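Please walk through this model with me, starting from its sheet and moving out to the helices that pack on it.

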Amino acid sequence: MKYYIIAGEASGDLHGSNLMKALLEKDPKAELRFWGGDLMKAQGGTLVKHYRDLAFMGFLEVAMNLRTILNNIRFCKEDIKKNKPDILILIDYPGFNLRIAKFAKELGIKVVYYISPQLWAWKEGRVEIIKKYVDEMMVILPFEEDFYKKHGVHSHFVGHPLLDAISSLKDISPEEFKKENGLNEKEIIALLPGSRKQEVEKMLEIMLSVRPHFKNYQFVIAGAPSLPKEFYQKYVDDNVHFVSNRTYDLLRCSKAALVTSGTATLETALLNIPEVVCYRGSKVSYAIAKRLVKNIKYISLVNLIMDREVVKELIQTDLNTKNLVEELNKIIEGQKRNQVLADYSLLREKLGGKGASAKAAEVILNV
């Protein structure tokens with residue numbers, strides 16, 4: 001069969017690559033055409049556009065790049081029409097993908113959504129679009145199945161694909177990792193500042209402000225594949241280092257982490273590393289988001305899944321040096337650290353074990 005897959009962000013590239021691998025195992029003659037990144041490209045098929053050309057952060061940035069976004073939508077429609085896939089597979093990225101779902105359905109192409117948009121947080125009305133234009137919805141968070149059921153939409157809970165990605169990791173020695181990456185012998189505090197230039201610059205400034213309070217540790221920045229190494233050099237010195245394309249290895253060799261909100265908060269938890277979740281957007285974007293997001297108590301996936309505070313979230317003005325130092329100290333040693341690690345164990349149970357990619361591939365083939 002001919003598959004057309006659209007992933008518009010780094011996390012979508014990861015999940016898309018595992019899905020492609022599972023599809024090829026079940027359908028060796030599969031023809032894959034996709035929007036994604038390097039991980040998906042490594043599985044074979046044809047990369048149409050890289051997600052680094054698609055990702056815009058916040059309401060202001062979207063508004064400023066509206067022409068580019070509309071051109072990408074137009075190009076995508078033309079490409080689908082020209083290549084005539086049997087199945088369109090959409091991975092999260094709702095602002096773009098829901099428009100494409102409508103277009104593809106009207107062409108008679110089967111539409112599958114893998115990794116639901118977070119409609120339970122905002123824009124709940126988009127469920128009606130999914131009802132009309134999506135043939136199969138697959139969800140990866142346990143509470144999403146109930147959300148769709150409430151709206152009269154059948155969905156499949158396939159488990160979380162991050163468990164697949166993490167279960168396949170090879171063992172790593174912290175000593176080896178430090179040697180390979182030119183790090184010193186001090187324990188590591190990992191910094192995950194995001195994947196977009198604007199976001200990374202903002203987050204690294206505040207994250208690195210805690211350095212004078214943790215002189216017995218070294219700080220290591222997880223570089224985003226969408227940004228060049230040169231971009232990070234201004235932050236590097238004797239006790240601040242940078243590694244690229246080794247985020248999981250970095251986390252596994254770290255004592256604790258400061259993590260910008262997003263999928264990385266869940267990745268950090270599943271790798272069993274205590275973390276502080278950080279978020280600071282522009283005043284305008286944050287004010288708009290607060291008006292749009294309803295009935296959501298937390299911003300991190302860890303806390304949302306557990307429906308209680310497992311990891312500390314520092315948002316907007318609460319994200320400052322004093323609070324970061326206080327919370328980081330709590331998770332480096334002592335009772336709070338032990339409690340977080342115990343809660344991570346419960347989190348993994350809730351997510352239902354590995355096998356999400358294979359289950360998703362099975363649903364797609366049954367379509």
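**The sheet and its helices**

Six strands make an open sheet, and their order is β10-β9-β8-β11-β12-β13. The pairing is parallel. β10 (240-244) and β13 (312-315) stand at the edges with a single partner strand each, so one side of each has no neighbour in the sheet. From one strand to the next, the twist averages 25 degrees. Keep in mind that this is a predicted model.

Strands of a sheet pair through backbone hydrogen bonds, and the pairing is either parallel or antiparallel. Now look at β9 and its two partners. On one side, five bridges join β8 to β9, and the two run parallel. Here I189 has F219 of β9 as its bridge partner. How does the chain get from β8 to β9? The path crosses through α10, and this β-α-β crossover is right-handed.

On the other side, β9 pairs with β10, again in the parallel sense and over five bridges. F219 has V240 as its bridge partner in β10. V220 stands opposite H241 in β10.

Is β9 mostly covered or mostly open? β9 is mostly covered, with seven of its seven residues buried. In a regular strand the side chains alternate between the two faces of the sheet. In β9, Y217, F219, I221 and G223 point one way. Q218, V220 and A222 point the other way. All of these residues are buried, whichever way they point.

Next comes the helix of the crossover. α10 lies across β8, β9, β11 and β12. With β11, α10 makes an angle of about 135 degrees. A second helix, α12 (residues 263-270), also packs on the sheet. α12 touches β8, β11 and β12, and its direction makes about 165 degrees with that of β11.

Which residues of α10 (residues 197-207) are buried? They are E199, V200, M203, L204, I206 and M207. Why do they line one face of the helix? Seen down the axis of α10, the buried residues fall within an arc of 165 degrees, so they line one face.

What covers these buried residues? The cover includes four strands of the sheet: β8 (187-192), β9 (217-223), β11 (254-260) and β12 (275-279). The helix α15 (321-332) is also part of the cover.

Methods. Residues are numbered from 1 along each chain as its sequence is written. This is a predicted model: local features need pLDDT of at least 70, side-chain atom pairs count only at pLDDT 80 or more; totals for chains, interfaces and linings use all residues. Side-chain values use heavy atoms; hydrogens and water are left out. Buried means under 20% relative accessible area, exposed over 50%, partly exposed in between (1.4 Å probe, protein chains only). The arc is that of the directions from the helix axis to the C-beta atoms. Contact means heavy atoms within 4.5 Å. Two strands pair if DSSP finds at least two bridges between them. Axes are lines fitted to C-alpha atoms, for helices over the stretch in contact, and angles run from 0 to 180 degrees between N-to-C directions. A crossover is right-handed if, with the strands pointing away from the viewer, the path from the first strand over the helix to the second runs clockwise.
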